[in-house]
Amino acid sequence: MAFLLKGAHAVDPQVGLDKVVDVLIDGEDIVEVAESIDAPEAEVVDARGKYLVPGLVDMHVHFRDPGFEYKEDIASGCRAATHGGFTDVATMPNTDPVTDTGTGVRYQIDRGRAADLCHVRPIGALTRGEKGEALAEIGDMVLEGACAFSDDGHGVQSAGMMRTAMGYVSQFDRVAIAHCEVESLTTHGVINEGRASTRLGMFGWPALGEELEIYRDIELCRLTGCPLHIAHISTKKGLDLVKAAKAEGLPVTCEVTPHHIFLNEDDVTAEYNTNLKMNPPLRLKSDMEALREGIVDGSIDCIVTDHAPHAKHEKDCEWEIAFFGTIGLETSLPLMLNNMVRSGEMSWARLVEVMAINPRSVLRLKPVKIEKGSKADLTLIDPEKEITVSEDYFESKSKNSAFLGMNLVGVATDVFVDGKRTLVDGQVA
Amino acid sequence: MLSVKHLIDTYSLTADDITQILDTAAAFESVNNARVIKKVPALRGRTIVNLFLEPSTRTKSSFELAEKRLSADSISMGGSTSSVVKGESLADTIQTIDAMNVDMFICRARLAGTPQKITENTDAIVINAGDGKHQHPTQAMLDLYTIRKHFGHLAGLKVAIVGDLAHSRVCGSLAPALKTMGAEVVLVGPPTFQVDDPEWFGCPQTWSLDEVIDDVDVVYMLRVQLERMEGATIPSRREYNRLYGLDMNRVHRMKENAIICHPGPMNRGMEINADVADCGRSRILNQVNAGVLTRMAEMYLLLGGENNGISA
């Protein structure tokens with residue numbers, strides 16, 4: 001099957017592309033990029049007025065499969081990812097059983113292939129059962145296709161265990177992804193410690209609980225040489241630690257979620273809207289602003305959603321017993337476009353870096369470029385199309401979005417994965 | 001008429017709301033404290049559900065008596081007997097009760113925000129009888145009533161709230177209500193008991209009871225959750241009593257007209273010594289009495305009064 005994308009504004013800083021072109025896809029690959037292409041056999045896609053970018057990657061999602069398929073499964077997660085404009089997702093291993101073996105990794109890859117919508121890239125657990133006690137079969141998982149390693153959902157509490165895990169990972173060309181949380185400090189915390197915890201009368205989750213472990217893991221990166229990626233960074237101080245590590249030349253990267261850059265603890269009111277309950281929690285407005293600057297100035301490498309589906313009854317309850325997290329795959333790109341690109345706060349080129357180029361690099365995936373010979377993993381975006389974020393909008397099985405009710409301008413309309421059109425005019429194929 | 005539909009927290013109450021509650025409670029003094037027949041028909045035919053999802057003795061009996069005094073029909077549901085312990089969600093519990101057509105929920109809960117959640121699942125009026133570490137507004141009203149009755153006013157008084165501030169819904173609702181009425185509040189307790197953000201209350205905080213004891217009009221001692229705290233946030237009962245307990249030496253330093261309050265139940269010998277609890281300055285049993293009056297007032301103002309055309 002061949003597609004001819006006519007008149008798209010292609011943006012790809014990897015090849016210095018930022019102009020209107022035609023792009024011809026044949027089979028799985030891009031076969032030509034030129035000002036004007038004629039290809040009578042190809043299906044023409046009118047891309048005038050739209051932006052074409054290398055396929056978006058969300059390197060932090062929870063697809064709950066196996067174990068919690070009532071929240072999401074790999075097929076429904078892939079539909080949500082495709083609807084949101086993504087060609088690749090990296091799935092976190094806190095499934096049941098935990099994805100801590102080659103078999104578990106292979107299961108997710110196979111289910112992803114069966115869904116046949118986007119590339120599913122499993123992240124394996126660092127420790128068995130994510131218990132932080134014994135090494136998982138990291139090498140076995142690498143051989144089966146794991147793209148990175150993390151005990152996401154928990155910090156590895158023992159510094160010694162984290163040192164061992166990072167040391168072991170360092171023999172493979174993979175990063176350790178750190179969910180930073182010192183549990184003796186965060187204990188029962190369910191909301192940012194300070195004004196919000198006082199106002200709403202609940203146990204606080206202090207910023208220090210995150211920052212202390214970021215500091216520890218940066219030092220372990222220095223000690224072991226294992227590349228380190230800090231998951232869902234949420235505070236200014238944490239980002240300052242990452243900036244300092246980068247300035248020293250350490251192999252440290254980090255990611256941030258849309259909810260930590262577009263929401264803060266002031267959004268949590270006496271309504272106790274549990275869709276705003278996150279781990280790490282929504283922080284101060286000043287943290288939020290520092291993180292937004294970090295995206296623009298290059299100190300934050302990736303935008304990820306931490307897509308965390310939960311069933312209605314797990315959120316329609318009292319805050320303190322509600323589950324942590326928000327879904328995000330289908331709002332991430334619209335939020336970035338609406339809140340940062342439209343306003344000129346960030347460029348299209350920077351958007352492509354944080355949502356496509358950098359996550360591929362962190363996950364050690366082959367780069368995708370808008371040039372002849374590259375895999376045709378592409379996202380086509382209508383910057384003027386408006387969406388209303390409602391429960392009906394979501395392809396995800398779960399509807400627990402922190403952004404329900406918002407109107408956003410800018411959304412993916414078409415996605416190509418290995419040359420196959422997986423999103424057609426906003427509809428999942 | 002109050003400016004709120006529900007009584008969930010004290011931040012939402014205006015000075016006028018609080019004054020209405022206290023004045024109405026004063027009008028109920030004769031019903032509860034003077035008459036042989038302690039009953040008025042103000043809420044006759046109205047249905048109230050006491051949903052106590054956490055153990056409570058004094059608050060629950062206070063509400064139940066207040067309901068009887070007002071002639072309301074009420075039922076009480078407890079945490080250990082309710083379907084909540086069988087795994088039913090709060091939303092399902094409330095929708096189930098709501099389907100029976102009730103007028104008011106009185107709710108005590110272990111989790112913050114529970115009363116707010118209830119309002120999302122029923123059209124009935126909700127009174128918060130204490131939710132987790134968040135708020136306990138009816139406790140604050142009975143405290144204000146007790147203090148106002150003694151001094152004749154609230155504005156300008158200095159109140160020290162002493163003890164486990166961080167885990168205290170009593171402090172969380174009393175401090176803002178006192179501020180609204182023009183009183184000054186100082187928060188006293190060890191650093192491990194201080195709230196995460198004292199600036200939110202707009203009150204000074206200190207670690208020394210001795211520093212403020214001779215300067216305040218009301219010493220309000222909070223209950224310390226012994227079972228939860230010993231060794232974790234304070235070293236021992238003995239040390240707490242020595243540093244923060246109200247003993248007779250400290251009582252003798254209080255201003256001539258100053259009083260002592262405690263929300264109960266007391267740990268005698270820990271935050272308050274036995275002889276202090278029973279001394280002439282103690283208003284602890286007056287608080288209990290005021291609990292019935294103020295709860296009658298709150299239920300009457302929210303459910304009766306101009307809302308149903310029946311006068312007290």
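The legends below describe close-up views of one predicted model. Residues are numbered from 1 along each chain as its sequence is written, while chains are lettered from A and ligands numbered from 1 in the order in which they are written. Because the model is predicted, local features need pLDDT of at least 70 and side-chain atom pairs count only at pLDDT 80 or more, whereas totals for chains, interfaces and linings use all residues.

**View 1. Four annotated residues of chain A that cluster in space.** An unreviewed UniProt entry gives the annotation "binding site" to His60(A), His62(A), Asp152(A) and Asp306(A); positions are in the numbering used here, feature names are shortened, and such annotations may be inferred rather than shown by experiment. These residues are spread over 247 residues of sequence, yet the largest C-alpha distance among them is 9.9 Å.

**View 2. Asp306(A) in its loop.** Asp306(A) lies between β15 (302-303) and α11 (312-315) of chain A, where helices (H or I, at least four residues) and strands (E, at least two) are DSSP runs numbered from the N terminus. Asp306(A) is buried because 28 other C-beta atoms lie within 10 Å; a residue is called buried with 20 or more other C-beta atoms within 10 Å of its own, exposed with 12 or fewer, and partly exposed in between, the C-beta atoms being placed from the backbone. Leaving out residues up to four places away in sequence, Asp306(A) touches His60(A), His232(A), Thr257(A), Gly325(A) and Gly328(A), a contact being two C-beta atoms, placed from the backbone, within 7 Å.

**View 3. Asp152(A) and His179(A), two residues of a second annotation.** The unreviewed UniProt entry also has a "binding site" annotation that covers Asp152(A), His179(A) and His232(A), and although these are spread over 81 residues of sequence, their largest C-alpha distance is 10.0 Å. Asp152(A) is placed in the loop between β9 (148-150) and α4 (159-169) of chain A, and counts as buried because it has 23 C-beta neighbours inside 10 Å. His179(A) is found in the loop between β10 (176-178) and α5 (183-186) of chain A, and is buried, with 24 other C-beta atoms within 10 Å. Beyond four places in sequence, the contacts of Asp152(A) include Met92(A), Asn94(A) and His179(A), while those of His179(A) include Ser150(A), Asp151(A) and Asp152(A).

**View 4. Phe323(A), a partly exposed loop residue.** Phe323(A) is in the loop between α11 and α12 (332-341) of chain A, and counts as partly exposed because it has 17 C-beta neighbours inside 10 Å. Apart from its neighbours within four places in sequence, Phe323(A) is in contact with His310(A), Glu314(A) and Lys315(A). Phe323(A) and Gly7(A) are 316 residues apart in sequence and, from C-alpha to C-alpha, 45 Å apart in space.
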